[in-house]
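Open the model in your viewer and keep a selection box handy. We will go from stop to stop, with a residue or helix to pick at each one.

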Amino acid sequence: MSPSQPVLDVKSWVLLLTLAAVWGGSFIFAEIALREVPPLTIALHRVFWALPVLALVVVVRRVPVPRAPRVWGAYLVMGALNNAIPFSLIFWGQTRIDAGLAAILNGTTALFGAVVAGLLLVDEPLTGRRIAGAGLGLAGVAVIMGPQALTGFDPGNLAQLAVLGATLSYAFAGVWGKVALRGQPPLMNALGMLAGSTVLLIPTVSLVDGVPVVSLSAGVWGALLGLAVLSTALAYVLYFAILARAGAANLLLVTLLIPPFAIALGAAFLGERPGPGALAGFAVIALGFAVTDGRLLRRKTRT
């Protein structure tokens, strides 16, 4: 088989599981960091410390750096949509809900991404399968939020809505990246959006939270660096390695693998246990992903 042909072999599975672990771990790192650091400042730490690490990777791999102002303007927008806004919303949401629940809600990203792309991109039409998958995703969210979402105000539900807002931001980021950054080196796109989000978050954090405090406990510093180096810089390197090796369709499987890792890590290190409603909702969201993805249905049809 040609090395350039997308294939989900053993190495691809190892990379995929590793990516799911470091992205699932981001929710645990954030939970620890929130003990001493406000959400917006955590978002700044995540992109600020990841920036030099990924810059080193770009230099070592001799990835060309674009000079056109238009491209750097696109990176600024991408940094807002794919980093600054969703990171801030998720971390704020985690001040009120557990890491595992935040990861489960974040699992709707692929479903909302398919719908937004279908509405805005001509070459990705909004098919009946995508609509059905999104409907199941929303049903899963409804199961998670429970009937109390309709009967009264619940700060936890507001936090869940914040995480869902982050997934919508990710969805628009996907469309923006495809339209505005087509043809740019993928690793450079990752570095550019980290630079853009850092530029946006520095003044925002200064105005809202003030100058970041550096006298933090060793555990919180470890969580912040883990969030930046492992769950951001390393995650992007893994992401593009899997994309090149296994293809975009197989890469989407990470959406379903992140919540189990986040739940397991939350149980092991934080003593968190998601309720039955959260697990049932995740099952419905997973079904929605399977419908949207379509491979399971095609396999049954061939059988």
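What follows is a walk through aromatic pairs, core residues, helices and a loop.

**Stop 1: the aromatic pairs**

Before you start, note that this is a predicted model. How many aromatic pairs does the structure hold? There are 6 aromatic pairs. Begin by selecting Trp 23 and Tyr 239: their ring centres are 6.0 Å apart and the planes stand at 55 degrees, so this pair is tilted. Now colour by helix. Trp 23 belongs to helix 1 (residues 10–33) and Tyr 239 to helix 10 (residues 218–251), so the pair ties together parts that lie 216 residues apart in sequence. Trp 23 counts as buried because its relative accessibility is 18%, while Tyr 239, with a relative accessible area of 28%, is partly exposed.

For a second pair, select Trp 49 and Trp 221, which meet edge-to-face with 6.3 Å from centre to centre and 75 degrees between the planes. This pair also links distant parts of the chain, with Trp 49 in helix 2 (residues 39–60) and Trp 221 in helix 10, 172 residues apart. Trp 49 has a relative accessibility of 32%, so it counts as partly exposed.

Go back to Trp 23 and Tyr 239 and add Phe 240: ring pairs link these three into a cluster. Then show Arg 46 together with Phe 87. Arg 46 lies over the face of the Phe 87 ring, 4.0 Å from the ring centre.

**Stop 2: the nonpolar core**

Next, select Leu 19, Phe 27, Ile 42, Leu 54, Phe 91 and Leu 105. These are the residues with the most contacts inside the largest nonpolar core, which has 88 residues. Helix 10 gives the largest share of this core, with 14 residues.

Keep Leu 19 and display its surroundings. Which residues is Leu 19 in contact with, leaving aside neighbours within four places in sequence? The list is Ala 235, Leu 238, Tyr 239, Ile 242, Leu 251 and Val 254. You have met Tyr 239 already, as the partner of Trp 23 in the tilted pair.

**Stop 3: two residues of helix 9**

Select helix 9 (residues 186–208), where you will find Thr 198. Thr 198 counts as buried because its relative accessibility is 6%. Beyond its neighbours within four places in sequence, Thr 198 is in contact with Leu 44, Val 47, Phe 48 and Leu 51.

Now pick Gly 196, also in helix 9. Is Gly 196 buried or exposed? Its relative accessible area is 6%, so Gly 196 is buried. Not counting residues up to four places away in sequence, Gly 196 touches Tyr 75, Leu 76 and Gly 79. If you draw a distance from the C-alpha of Gly 196 to that of Leu 158, 38 residues away along the chain, it should read 28 Å.

**Stop 4: Ala 173**

Move to helix 8 (residues 155–180) and select Ala 173. At 0% relative accessibility, Ala 173 counts as buried. Setting aside neighbours within four places in sequence, Ala 173 is in contact with Met 78, Leu 81 and Asn 82. A C-alpha to C-alpha distance from Ala 173 to Ile 144, 29 residues apart in sequence, comes to 25 Å.

**Stop 5: helix 6 and helix 5**

Ile 144 takes us to helix 6, where it is one of the buried residues. Helix 6 (residues 128–145) has 18 residues and reaches 26 Å from its first C-alpha to its last, close to the 26 Å expected at 1.5 Å a residue. Select its buried residues: Arg 130, Gly 133, Ala 134, Gly 137, Gly 140, Val 141, Ile 144 and Met 145. Turn the view to look down the axis of helix 6: the buried residues fall within an arc of 130 degrees, so they line one face of the helix. Just after helix 6, click on Gly 146, which takes a positive phi of about 80 degrees.

Then compare helix 5 (residues 109–120): its 12 residues should span 16 Å at 1.5 Å a residue, and the end C-alpha atoms are 16 Å apart, which agrees. The buried residues of helix 5 include Leu 111, Phe 112, Val 115 and Val 116.

**Last stop: Arg 62**

Finish in the loop between helix 2 and helix 3 (69–93), where Arg 62 lies. Arg 62 has a positive phi of about 55 degrees although it is not a glycine. With a relative accessibility of 76%, Arg 62 counts as exposed.

Technical notes
Residues numbered from 1 in each chain as written. Predicted model: local features only at pLDDT ≥ 70, side-chain atom pairs only at ≥ 80, totals over all residues. Heavy atoms only, no water. Phe/Tyr/Trp six-rings, centres within 6.5 Å; stacked < 30°, edge-to-face > 60°. Helix = DSSP H or I, 4+ residues; strand = E, 2+ residues; numbered from the N terminus. Buried < 20%, exposed > 50% of the residue type's maximum accessible area, 1.4 Å probe, protein only. Lys NZ or Arg CZ within 6 Å of the ring centre and 35° of its normal. Expected span 1.5 Å × (residues − 1). Arc of directions from axis to C-beta. Core = buried A, V, L, I, M, F, W, Y, C linked by side-chain atoms within 4.5 Å. Contact = heavy atoms within 4.5 Å.
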